[in-house]
Amino acid sequence: MSPSMSERLRRQFAARLSPPRPVFVTPGGGEFEAWCHDRPGTAVELIVSARALHELVAEPGLPLADLDAVQAYAQQQFAHYFGAASQRFAIAPWRVGEATGASALHGLDLAALQAQAAAAQVRVAAVRPAWSVWLAAQPASVRAGSGRLVWLEGAGGDHTAVVIQLDGGRVAALQVRRVQTLADLGGDAPLAVGTPDDTLTAQPGPAVPAPDFLPRSGRSPLAWPLAATGALVLATAAWSAVESHRALDVAQAARDRVASLRTPAPAAARPAARSRSEPAENRAATEARALLAMPWEPLLTRVEVAGAEAKSIAWLGLDASAGRGELRLEGLTPDKLLALQLAEQLGTTPGWRQVVLSRFSAAETGLVGQRFEINARVATGGGS
């Protein structure tokens, strides 16, 4: 049975707030659609196999002013080497200091992956090369050094290796090679070797290339999440009210039908039966109107900005009761102190009061950090 409109909206809202889960994808692998089907209302970061990529590092000193210029240059280079086939490549440019480059996605259908995710109401937060995600997970001392790092995929005598050459922390070269063993790469032993079995959690340290195959946008990082979240909250509220009215109408029609098949009741009794449904109907309509009237833009902006300022905070959910002026936030944090500071910060916001860190517990399997819950009372009028 397909989910109701309100359930689909709830899943979209949950996906917008969920921290993305990493999923490794490789050419020929059909597991992603099943993964999405089992996890509606979540978010994903696609980690792309080296087998699906071509890599380019631009020569130092080229006049590439921004990422658009890097992308245009990369498209020319890939067209030179791969001909007409390169027109189908998705290009993800990157820049770190003076170093620039790009990844080309050729072995996976990005549009198909996005469609599979959308069908299951899973948000695709990023689509990144596996080597770049792994590099960001290396200790700062490794990322700031000089030498080779190797990202290695495959089994038996068939491996794909991405050789990352660092020069004082700068990515000086990227080379994708087919090898049977690490020894086939020759040269000195690499500083580090990574595989898809490694934990790919970003570590603090020098910046590294972070190409992303999702289309770049000129919007503020907060603009789309805030607009989508506000729209979903309002739509969910309105649809819940509509469904409440419909359910009450159906129930009343059924009662009237049953009553018509029995001995007619006194006329005064029938209005009394209908009146019992009115309080619930009125409550749903009142709550919907109150939700629609809440100042969602400043309220959600404050939540997003506070989370960004606290750093490492990942929002998981938001519940609101406009009639009572209550708000409940759920999130993940690596440190309880950050959650306490966040609650204190929200408590100093005009229109927010009785802000309390009400629950703190270990995160569920598959999530990193500790789960917390903040309850607050917020102004429901036009102020922030």
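This report covers the overall make-up, two sheets and the salt bridges of the structure above.

## Overall make-up

The model is predicted. The protein holds eleven helices and 14 strands. Of its 384 residues, 41% are buried. Its exposed surface comes to about 20000 Å². Carbon and sulfur atoms supply 54% of that surface. Among contacts with a separation of 6 or more, 66% join residues 24 or more positions apart.

## The parallel sheet

Strands of a sheet pair through backbone hydrogen bonds, in either a parallel or an antiparallel sense. Both senses are covered below.

One open sheet has three strands in the order β1-β2-β6, and its pairing is parallel. The edge positions belong to β1 (21-25) and β6 (123-129). Each of these has a single partner strand, so one side of each is left without a neighbour in the sheet. From one strand to the next, the twist averages 25°.

The pairing of β1 with β2 (residues 43-48) is parallel and runs over five bridges. Arg-21 has Val-44 in β2 as its bridge partner. Helix α2 (residues 31-37) joins in here: β1, α2 and β2 make a right-handed β-α-β unit.

## The antiparallel sheet

A further open sheet of three strands follows the order β3-β5-β4, with antiparallel pairing. Its edges are β3 and β4 (90-96). Each has a single partner strand, so one side of each has no neighbour in the sheet. Neighbouring strands in this sheet are turned by 15° against each other on average, direction ignored.

β3 and β5 (residues 99-105) pair in the antiparallel sense, over five bridges. Glu-55 stands opposite Ser-103 in β5. Helix α3 (residues 67-82) lies across β3, β4 and β5. The helix runs at about 130° to β4.

## Salt bridges

Side chains of opposite charge can pair when their charged atoms come close. The count in this model is eleven salt bridges. Three of them are set out here.

| Pair | N to O distance |
|---|---|
| Arg-51 and Asp-158 | 3.8 Å |
| Glu-326 and Arg-377 | 3.2 Å |
| Arg-328 and Glu-373 | 3.4 Å |

What does the salt bridge between Arg-51 and Asp-158 tie together? Arg-51 lies in the loop between β2 and β3 (53-57), while Asp-158 lies in strand β8 (residues 158-167). The pair therefore ties together parts that are 107 residues apart in sequence. Arg-51 is partly exposed, at a relative accessible area of 28%. Asp-158 is also partly exposed, at 34%.

The side chains of Glu-326 and Arg-377 meet in a salt bridge at 3.2 Å, N to O. This pair links distant parts of the chain, 51 residues apart. Glu-326 sits in strand β12 (residues 326-333) and Arg-377 in strand β14 (residues 370-378). Glu-326 is partly exposed, with a relative accessible area of 29%. Arg-377 is partly exposed too, with 24%.

The side chains of Arg-328 and Glu-373 meet at 3.4 Å, N to O. Arg-328 lies in β12 and Glu-373 in β14, so the pair ties together parts 45 residues apart in sequence. Are Arg-328 and Glu-373 buried or partly exposed? Arg-328 has a relative accessible area of 23% and is partly exposed. Glu-373, with 12%, is buried. The cut-off explains the split, because buried means under 20% relative accessible area.

Arg-328 and Glu-373 also belong to a network of salt bridges. Its other members are Glu-330, Arg-359 and Arg-371.

## Drawing the parts together

β2 pairs with β1 in the parallel sheet. The loop between β2 and β3 carries Arg-51, whose partner Asp-158 is in β8. β3, in turn, is an edge strand of the antiparallel sheet. Further along the chain, salt bridges join β12 and β14 through Glu-326 and Arg-377, and through Arg-328 and Glu-373.

Conventions:
Residues are numbered from 1 along each chain as its sequence is written. This is a predicted model: local features need pLDDT of at least 70, side-chain atom pairs count only at pLDDT 80 or more; totals for chains, interfaces and linings use all residues. Side-chain values use heavy atoms; hydrogens and water are left out. Two strands pair if DSSP finds at least two bridges between them. Helices (H or I, at least four residues) and strands (E, at least two) are DSSP runs, numbered from the N terminus. Axes are lines fitted to C-alpha atoms, for helices over the stretch in contact, and angles run from 0 to 180 degrees between N-to-C directions. A crossover is right-handed if, with the strands pointing away from the viewer, the path from the first strand over the helix to the second runs clockwise. A salt bridge is a side-chain nitrogen of Lys or Arg within 4 Å of a carboxyl oxygen of Asp or Glu. Buried means under 20% relative accessible area, exposed over 50%, partly exposed in between (1.4 Å probe, protein chains only). Contact means heavy atoms within 4.5 Å. Accessible areas come from the Shrake-Rupley method with a 1.4 Å probe; for residues, only the protein chains shown count as cover.
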